[in-house]
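The following exercises are to be worked with the sequence and the model in view. Each task is followed by a solution in steps.

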Amino acid sequence: MPVQCSSCSEKRAVLKRPKTGHSLCKECFFWTFEEEIHQTIVSAKLFKPGESVGIAASGGKDSTVLAHVMKVLNERYNYGLELMLLSVDEGITGYRDDSLETVKRNQQQYELPLKIVSYEELYGWTMDAIVKQVGLKNNCTFCGVFRRQALDRGAIMLKVGKICTGHNADDVAETVLMNVLRGDIARLRRCTAISTDSENEGVVPRCKPLKYAYEKEIVLYAYFKKLDYFSTECIYSPNAYRGYARTYLKDLESVRPSSIMDVIHSGENLSVREGVKMPVQGTCSRCGYISSQKLCKACVLLEGLNRGLPKLGIGKHHRFHDKILSQQPLTEEEERKLKAVDF
Ligand code: SF4
Ligand code: ZN
């Protein structure tokens, strides 16, 4: 027997909401999904009227849904935001070049300005070239660190006051789990924050309007709205550690759908005991980007690539920062250890 929509009681339900188990028709699902994001935006005061906001757009489902919903809500509720798309081209042939084509179509469909910043122009290295040098084990470390700065630099070029990213509830819950497993207290405290404060000058504040949106619902929304997005995985094997956290979370979700929200709430409610040592934020003495060390991670990784010492930025090698800054040569033994790509 067809099931009625539990919200309007008029139309036939086409889906069961993964987050709540409610049976809904298409229109009621769209409305509920969008309203929840609106509530997230309003209650966390994510934006100010008149603000210009860069939407980090990769062409994937999360950022495509984000761009679509931000446009819908901006018009429906008169947020008064000037929205723009901001993309990073990591230089991954057969992956990012194709997904950027999707972003370019989204730009037309949503009539939003688009800025693409590339690793090649910012750092002189594409991910293709980096993988040739470092292999396939730590490539995501380089990519993640470079992307973070690239988004900031792109946002500064676009003159936007804020960046919003497509991180969803599953991503946040995974990150909580990973930081618990690694014992990374500083990141654990930061990772559930819906927006970064602008205490660090030179860094554009970021926020996550999809923080409470389940990945499964994002997929359903994109599917029923027939949004144009790119669904291929990166050819350079995604982060294995996150993969385990993801599988574990999906297993939990299958027996108890609220697990995702529960993990996020646990992360939000953790407090750090007084006296626990936290890294102190300063700025990189080479590029001025925020860093808790003398050199920021991107500068150290880049130095390693340019010197043919890929291990320089992997792991803890802070003792080399002074040598790098004063351009002192490393000893043969140090060079030998940092050259190896078998890490
Ligand atoms: Fe970059 Fe790794 Fe993501 Fe590929 S999977 S885009 S290499 S971070
Ligand atoms: Zn730097």
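**Exercise 1.** Determine what portion of residues 282-312 is helix and what portion is strand, and how far apart the end C-alpha atoms lie.

*Solution.* The model is a predicted one. Helix accounts for 35% of residues 282-312 and strand for 13%. The C-alpha atoms at the two ends of this stretch are 21 Å apart. In UniProt, an unreviewed entry lists residues 282-312 as "domain: Cytoplasmic tRNA 2-thiolation protein 1 C-terminal".

**Exercise 2.** Describe how helix 2 and helix 9 are arranged relative to each other.

*Solution.* Two packed helices are described by the angle and the distance between their axes.
1. Helix 2 covers residues 61-76 and helix 9 covers residues 215-224. Their axes come within 10 Å and cross at roughly 65°.
2. Angles of 65 to 115 degrees count as roughly perpendicular, and helix 2 and helix 9 are therefore roughly perpendicular to each other.
3. The crossing of these two helices is left-handed.
4. Helix 2 contributes K61, D62, V65, H68 and V69 to the contact, while helix 9 contributes E215, I218, V219, Y221 and A222.
5. By class, the residues of this contact are 6 nonpolar, 1 polar and 3 charged.

**Exercise 3.** Establish which residues of helix 1 meet helix 9, and at what angle the two helices pack.

*Solution.*
1. Helix 1 spans residues 26-43 and packs with helix 9 at an angle of about 130°, the axes being 11 Å apart.
2. This angle makes helix 1 oblique to helix 9.
3. The crossing of helix 1 and helix 9 is left-handed.
4. K26, F29, F30, F33 and E34 of helix 1 meet E217, I218, L220, Y221 and F224 of helix 9.
5. The contact residues divide into 7 nonpolar and 3 charged, with no polar residue.

**Exercise 4.** Is the crossing of helix 7 and helix 10 left-handed or right-handed, and which residues meet there?

*Solution.*
1. The axes of helix 7 (residues 169-182) and helix 10 (residues 240-255) come within 9 Å and cross at roughly 115°.
2. Helix 7 passes helix 10 in a right-handed crossing.
3. Among the residues that meet are D170, E174 and L177 of helix 7 and Y241, R242 and L249 of helix 10.
4. The residues of this contact comprise 8 nonpolar, 1 polar and 8 charged.

**Exercise 5.** Identify the residues that come nearest to ligand 1 and classify its shell.

*Solution.* Of the 8 residues around ligand 1, N139, C140, C143, R147 and C234 come nearest. The shell residues divide into 6 nonpolar, 1 polar and 1 charged.

Terms used:
Residues numbered from 1 in each chain as written. Chains lettered and ligands numbered in written order. Predicted model: local features only at pLDDT ≥ 70, side-chain atom pairs only at ≥ 80, totals over all residues. Heavy atoms only, no water. Near = heavy atom within 4 Å. Nonpolar A, V, L, I, M, F, W, Y, C, P; charged D, E, K, R; others polar. UniProt positions renumbered as here; feature names shortened; annotations may be inferred. Helix = DSSP H or I, 4+ residues; strand = E, 2+ residues; numbered from the N terminus. Axes fitted to C-alpha atoms, helices over the stretch in contact; angles between N-to-C directions. Parallel < 35°, antiparallel > 145°, perpendicular 65-115°, else oblique. Left-handed = near helix turned anticlockwise from the far one by under 90°. Contact = heavy atoms within 4.5 Å.
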